[in-house]
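Subject: Structure for you to look at

Hello,

Here is the structure I said I would pass on. Please open it and keep it beside this message while you read.

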Amino acid sequence: MAANIIKMARLIINADDLGYSSERDAGIFNAFECNAITAASLMVNGPSSESASKKAGEVGLYLGLHLNLTEGFSLSGPSKITDSKNQLYYKTSFGNLINSDVRDYSHAISKEVKAQFERFKDLTGRYPLHVDGHQHVHIFPQMPDILAP
């Protein structure tokens, strides 16, 4: 029985930020080719997300969603969590916003989360089976209540 358990055990080593830039993507794909990682999380609003998702499919790199609410442009459009140029507020500014009263921002956050899920599906052909948060935004106070649904 112990031999069966050992055969079933699997270590997953995930690289974040795929789609952030072509340089970062190259490092992630190199790590995959060297068997240093087994999966990656795709930042779907990143400048290189299209080419990165395509290459991941070609080489067999498993992808999850790297949910990003604090960097780059919003996929859902201008809102309370973006500046006038549709850029998401960076981690500190985002944290300051939602710490005042996260309920004021819950609709904008939910809308962006849904847009990123849909973009992931558009890029990969499926919804993500795992999600992690860019800059650990998912652990900010009251964020689990917004993100869980």
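Buried residues make up 41% of the 149 residues in the chain. Please keep in mind that this is a predicted model. Along its principal axes, the C-alpha atoms fill a box of roughly 50 × 35 × 25 Å. Among the contacts in the chain with a separation of 6 or more, 64% are between residues 24 or more positions apart.

The elements

The chain has 6 helices and 4 strands. Read from the N terminus on, the elements run α-β-α-β-α-β-α-α-β-α.

The sheet

The 4 strands form an open sheet in the order E1-E2-E3-E4, and the pairing is parallel. E1 and E4 stand at the edges with a single partner strand each, so one side of each has no neighbour in the sheet. On average, neighbouring strands are turned by 35 degrees against each other, direction ignored. E3 and E4 are joined by 3 bridges. Leu67 has its bridge partner, Gly133, in E4.

Two helices that pack on the sheet are worth finding next. H2 touches E1 and E2, and its direction makes about 160 degrees with that of E1. H3 touches E1, E2 and E3, and its direction makes about 155 degrees with that of E2.

One residue to look at in the sheet is Ala39, which lies in strand E2. Ala39 is buried, with a relative accessible area of 3%. Although Ala39 and Ala15 are 24 residues apart along the chain, their C-alpha atoms are separated by 6.4 Å. Leaving aside residues up to four places away in sequence, Ala39 touches Ile12, Ile13, Asn14, Ala15, Leu61 and Tyr62.

The core

The largest nonpolar core has 32 residues, and those that touch the most other members are Leu18, Leu61, Phe94, Ile109 and Met143. Two or more residues come from each of strand E1 (14–18), helix H2 (22–33), strand E2 (39–42), helix H3 (49–59), strand E3 (62–67), H4, helix H5 (106–124) and H6. H5 gives the most, with 5 residues.

Leu18 shows what this looks like for one member. Not counting residues up to four places away in sequence, the residues that Leu18 touches include Ile28, Phe29, Ala40, Leu42, Ala52, Leu61 and Leu63. Asp25, Ser41 and Met43 are also among them.

The rings

How many aromatic pairs does the structure hold? There is 1 aromatic pair. Phe94 and Phe140 form it, with 6.1 Å centre to centre and 35 degrees between the planes, which makes the pair tilted. Phe94 lies in helix H4 (residues 91–101) and Phe140 in the loop between strand E4 (131–133) and helix H6 (143–147), so the pair ties together parts that are 46 residues apart in sequence. Both rings belong to buried residues: Phe94 has a relative accessible area of 0%, and Phe140 has 13%.

Two other rings have a charged residue over them. The charged end of Arg24 sits over the ring of Tyr20, 3.9 Å from the ring centre. Over the face of Phe29 lies Lys55, at 4.8 Å from the ring centre. Phe29 is also one of the residues that Leu18 touches, so you can find the two spots in one view if you start from Leu18.

Regards

Methods
Residues are numbered from 1 along each chain as its sequence is written. This is a predicted model: local features need pLDDT of at least 70, side-chain atom pairs count only at pLDDT 80 or more; totals for chains, interfaces and linings use all residues. Side-chain values use heavy atoms; hydrogens and water are left out. Rings of Phe, Tyr and Trp (its six-membered ring) pair if their centres lie within 6.5 Å; planes under 30 degrees apart count as stacked, over 60 as edge-to-face and the rest as tilted. Buried means under 20% relative accessible area, exposed over 50%, partly exposed in between (1.4 Å probe, protein chains only). A charge sits over a ring if NZ of Lys or CZ of Arg is within 6 Å of the ring centre and within 35 degrees of the ring normal. A nonpolar core is a set of buried Ala, Val, Leu, Ile, Met, Phe, Trp, Tyr and Cys residues joined through side-chain atoms within 4.5 Å. Contact means heavy atoms within 4.5 Å. Two strands pair if DSSP finds at least two bridges between them. Axes are lines fitted to C-alpha atoms, for helices over the stretch in contact, and angles run from 0 to 180 degrees between N-to-C directions.
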